[in-house]
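Reader: I'd like to go through some charged pairs and a helix packing here. Can you pull up the model and take my questions?

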Protein chains: 2
Amino acid sequence: MKGVKYEYIEEDLTNKSPLLLKYNPVHKKIPVLLHNGKPISESLVIIEYIDETWKHNPILPQHSYDRARARFWAKYIDEKAVPPLRDFVWSKGMDREEAIGEINELLKTIENELGDKKFFGGEDIGLVDIVANVVGIWLVVIQDLLGLELLTEEKFPKLCNWIHEYVNHTAIKENIPPRDKLIEFYSAHLGAASQ
Amino acid sequence: MKGVKYEYIEEDLTNKSPLLLKYNPVHKKIPVLLHNGKPISESLVIIEYIDETWKHNPILPQHSYDRARARFWAKYIDEKAVPPLRDFVWSKGMDREEAIGEINELLKTIENELGDKKFFGGEDIGLVDIVANVVGIWLVVIQDLLGLELLTEEKFPKLCNWIHEYVNHTAIKENIPPRDKLIEFYSAHLGAASQ
């Protein structure tokens, strides 16, 4: 979206690099953005930093009330979607029913918030769309692998339409990992988790 | 800090008002800020909205890297301090040892981040100081009531000095609830929780 050149470094989270431990000593988690030798951690903090540093093609809305709404929904999706999805993939012997219930509630709430808009951000993608990546890409792959029927056309037509628009958006299409790589990655983890 | 007039409405969280359910239907939690008839929820989102709407006496730093750092630490304190403190007061039969361990780790990390600065924000209070309110006011009252020795002069001299500066800052001094009211409120809840 910003057209900024960057170097992408993958981390093996089962064997964290000295670089990760140096630049995110508090959480020891990805992602970390390194800019001018200075580290920034936490996904939402990184997105706001990028938007403030490179101002063209804004990610957050212009008006303060719209910005607050976008931050509210970004925080909601981040806090509500990531933990149950992580449980699906990495937890052994977890309560899968509980995770399914939480995801269902999340999907209902954001289907309602999306309404008849093309994107959460309106006519173009914005903060909430980028965060909802976790629903549009992660969740879809995980439910296919596990044979779940969570996010379907019948139950969530608006979200399904949003996913179609989102994954075909130029800025996203060229940057998402190929589906077969995601399937390979998650099926290895899901296999290990179910042992 | 902003000198803005406001009306303060208390909520009984055991009997939530129609107003709260109307304006924060997703989380049904306080705080909610109502401005020009529009609701804003989530503490950190509200603070950023206030800072963007009334620009004098800024709460967030001016430069984008400093803003990212402030957001990082505000998020850390909010996520790390609030759940164990809530457990102390509202949970029955919780694992108190675990909550104490988490608070200790938090205190070590933020004592280190504070360093020799007067405030987390530098010479004046800012976003991180306002969020660390939960440590400087809540935690102090709760540890006194429970007879814990978590945040002491010996263990955390810099944080203790920060608390002194913070509670005596004009903008804070005039707006924090009186200590005897806090003690009364928490001791009623702690009594109920230990039954």
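Reader: Are B:Glu48 and A:Arg71 buried or exposed?

Author: Keep in mind that this is a predicted model. Buried means under 20% relative accessible area. By that cut-off, B:Glu48 and A:Arg71 are both buried.

Reader: How far apart are the closest N and O atoms of B:Glu48 and A:Arg71?

Author: B:Glu48 sits in helix α2 of chain B and A:Arg71 in helix α3 of chain A, so this pair joins two chains. The two form a salt bridge, and their closest N and O atoms are apart by 3.3 Å.

Reader: Which residue of chain A meets B:Glu52 in a salt bridge?

Author: This pair also crosses between chains, starting from B:Glu52 in helix α2 (residues 43-53) of chain B and ending in helix α3 (residues 64-90) of chain A. Both partners are buried. With an N to O distance of 3.0 Å, the partner of B:Glu52 is A:Arg67.

Reader: What relative accessible area does B:Asp144 have?

Author: B:Asp144 belongs to helix α6 of chain B, and its partner B:Arg179, 35 residues apart, belongs to helix α9. Their salt bridge has its closest N and O atoms 2.8 Å apart. Partly exposed covers the range between 20% and 50%, and B:Asp144 falls there with 43%.

Reader: Are α4(B) and α6(B) oblique or perpendicular to each other?

Author: The two helices pack at an angle of about 140°, with axes 14 Å apart. Roughly perpendicular would need 65 to 115 degrees, and roughly antiparallel over 145. So α4(B) and α6(B) come out as oblique.

Key:
Residues numbered from 1 in each chain as written. Chains lettered and ligands numbered in written order. Predicted model: local features only at pLDDT ≥ 70, side-chain atom pairs only at ≥ 80, totals over all residues. Heavy atoms only, no water. Axes fitted to C-alpha atoms, helices over the stretch in contact; angles between N-to-C directions. Helix = DSSP H or I, 4+ residues; strand = E, 2+ residues; numbered from the N terminus. Parallel < 35°, antiparallel > 145°, perpendicular 65-115°, else oblique. Salt bridge = Lys/Arg side-chain N within 4 Å of Asp/Glu carboxyl O. Buried < 20%, exposed > 50% of the residue type's maximum accessible area, 1.4 Å probe, protein only.
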